[in-house]
Amino acid sequence: MTQIALVTGAAQGLGYAIAGRLFAAGYAVVITDLSLERAQAAAEALDASGERVLALKLDVASKADFEAALAATLARFGALQVLVNNAAMTLTTPVMQISPEEFDRVMSLNSRSVFVGCQVFGAHMAAAGYGRIVNMASLAGQNGGTATGAHYAASKGAIVTLTKIFAKELAANGVTVNAIAPGPIDSPMVHAAVPPQRMAGMLANIPVGRLGDADFLGDLVVQLARPEAYFTTGATWDVNGGLFMR
Ligand SMILES: NC(=O)C1=CN([C@@H]2O[C@H](COP(=O)(O)OP(=O)(O)OC[C@H]3O[C@@H](n4cnc5c(N)ncnc54)[C@H](O)[C@@H]3O)[C@@H](O)[C@H]2O)C=CC1
Ligand SMILES: CC(C)c1ccc(C(=O)O)c(O)c1O
């Protein structure tokens, strides 16, 4: 039977690549983003027939949007097995100049959203007795960040911890919760964060000497979403070209 996956921030970048790999693996995919129009354009690019896609507006800052997206998914497909908490923002203000308001904004968008998504979708999955949640963390959450801001790095560290907490809470109900911590992946976000004149320096610093591949992240999500992946939970999967080793 077709399984259903919802991806936040899926109109572009890694979210879109992840949605694409889930779709290629046979999932019906719910593409969500801040703007319904951009989500619809991405969904149409993935499946012009519209049979295995649904586009929804989901602002991850809003618990009501998470609840409405779950309800709309169940109304259209009758089930929801996979959630990918992917959406995030980055600001690169130097740490001594970040205002408390800016700190709150980044923390709230990046980590409170994962907390709310795991709570709302996790409750549904636990009641159904099965589910797979994948949270997008970052290398920055492990090494304190380089190209990215302190609040971004802190928000991604919080995602690693939330992943462990929800994994423990939901394990007995057949729900796994894992995180992926990418280093710089070839994507619009990395090109926006790293100006062309700094790219060669960044590449020279990466042990494997190149940026990561977004489709590979999508394939990793597909693996973590499989029923057979029941034995990995609370884990953070490093995909960073050797920039951080445990
Ligand atoms: N690109 C990279 O190299 C890396 C990315 N990441 C993480 O991967 C995830 C995706 O990153 P990218 O695709 O590169 O970013 P991106 O900036 O290209 O795409 C982010 C998407 O999220 C959406 N979005 C922003 N605010 C939103 C909100 N409030 N509600 C819903 N959607 C919202 C945007 O509209 C956009 O479509 C993020 O969590 C990011 O922190 C982590 C490490 C490296
Ligand atoms: C693309 C984003 C902003 C990014 C860039 C670089 C790193 C890193 O070198 O640690 C990240 O973790 C990122 O999330």
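Biologist: Why is serine 111 called buried?

Modeller: This is a predicted model, and in it serine 111 has a relative accessibility of 5%. Buried means under 20%, so serine 111 earns the word.

Biologist: Thanks! Where does serine 111 lie, and which residues does it touch?

Modeller: Serine 111 is placed in helix 4, which covers residues 100–128. Not counting residues up to four places away in sequence, serine 111 touches Val106, Ser155, Ala158, Ile159 and Leu162.

Biologist: What makes those residues count as touching serine 111?

Modeller: The criterion is heavy atoms within 4.5 Å, and Val106, Ser155, Ala158, Ile159 and Leu162 are the residues listed for serine 111.

Biologist: Staying in helix 4, which residues does leucine 109 touch?

Modeller: Leucine 109, also placed in helix 4, touches Val60, Ala61, Ala88 and Met89, once residues up to four places away in sequence are set aside. As for threonine 90, its C-alpha is 9.7 Å from that of leucine 109, with the two positions 19 residues apart along the sequence.

Biologist: Let's move to lysine 156. How do you know whether lysine 156 is buried or exposed?

Modeller: Its relative accessibility is 2%. Exposed would need over 50%, and buried means under 20%, so lysine 156 counts as buried. Lysine 156 sits in helix 6, residues 150–170.

Biologist: Which residues is lysine 156 in contact with?

Modeller: Leaving aside neighbours within four places in sequence, lysine 156 is in contact with Ala88, Asn110, Met136, Ala137, Ser138 and Gly141. Leucine 22 is 134 residues away along the chain, and its C-alpha is separated from that of lysine 156 by 23 Å.

Biologist: What makes the pairing of lysine 156 with ligand 1 a polar contact?

Modeller: An N or O atom in the lysine 156 side chain is 2.8 Å from an oxygen atom of ligand 1. The limit for such a pair is 3.5 Å, so this one qualifies. Taken alone, ligand 1 exposes 830 Å², and the protein buries 91% of that.

Biologist: Which atoms of ligand 1 pair with aspartate 33 and serine 187?

Modeller: For aspartate 33, a polar side-chain atom lies 2.6 Å from an oxygen atom of ligand 1. For serine 187, a side-chain N or O atom is 2.7 Å from a nitrogen atom of ligand 1.

Biologist: What surrounds ligand 1, and where does it sit?

Modeller: There are 26 residues around ligand 1, and Gln12, Asp33, Asn86, Tyr152 and Ser187 come nearest. Ligand 1 sits in the largest pocket. Helix 1 (13–24), helix 6 and helix 7 (188–193) each supply at least two residues of the shell.

Biologist: Now for the strands. Why is threonine 176 called buried?

Modeller: Threonine 176 has 5% relative accessibility. The cut-off is under 20%, so the label holds. Threonine 176 belongs to strand 6, residues 175–182. Beyond neighbours within four places in sequence, its contacts are Gly131, Arg132, Ile133, Leu224, Ala229, Tyr230, Thr232 and Thr233.

Biologist: And what makes valine 53 buried?

Modeller: The relative accessible area of valine 53 is 6%. Under 20% means buried, so valine 53 fits. Valine 53 is in strand 3, residues 53–57. With residues up to four places away in sequence left out, valine 53 touches Phe23, Val29, Ala43, Leu46, Asp47, Arg76 and Phe77. Alanine 42, 11 residues from valine 53 in sequence, is 9.7 Å away in space, C-alpha to C-alpha.

Technical notes: Residues are numbered from 1 along each chain as its sequence is written. Chains are lettered from A and ligands numbered from 1 in the order in which they are written. This is a predicted model: local features need pLDDT of at least 70, side-chain atom pairs count only at pLDDT 80 or more; totals for chains, interfaces and linings use all residues. Side-chain values use heavy atoms; hydrogens and water are left out. Helices (H or I, at least four residues) and strands (E, at least two) are DSSP runs, numbered from the N terminus. Buried means under 20% relative accessible area, exposed over 50%, partly exposed in between (1.4 Å probe, protein chains only). A residue is near a molecule or strand if one of its heavy atoms lies within 4 Å of it. A polar contact is a pair of N or O atoms within 3.5 Å; within protein, one must be able to donate a hydrogen and the other to accept it, and residues adjacent in sequence count only if both atoms are side-chain atoms. Accessible areas come from the Shrake-Rupley method with a 1.4 Å probe; for residues, only the protein chains shown count as cover. On a 1 Å grid over the protein atoms alone, a cavity is a set of points where a 1.4 Å probe fits but cannot get out, and a pocket is an open set with protein on both sides within 12 Å along at least five of seven lines; lining residues have an atom within 4 Å of a point. A molecule sits in a cavity or pocket if more than half of its atoms lie within 2 Å of its grid points.
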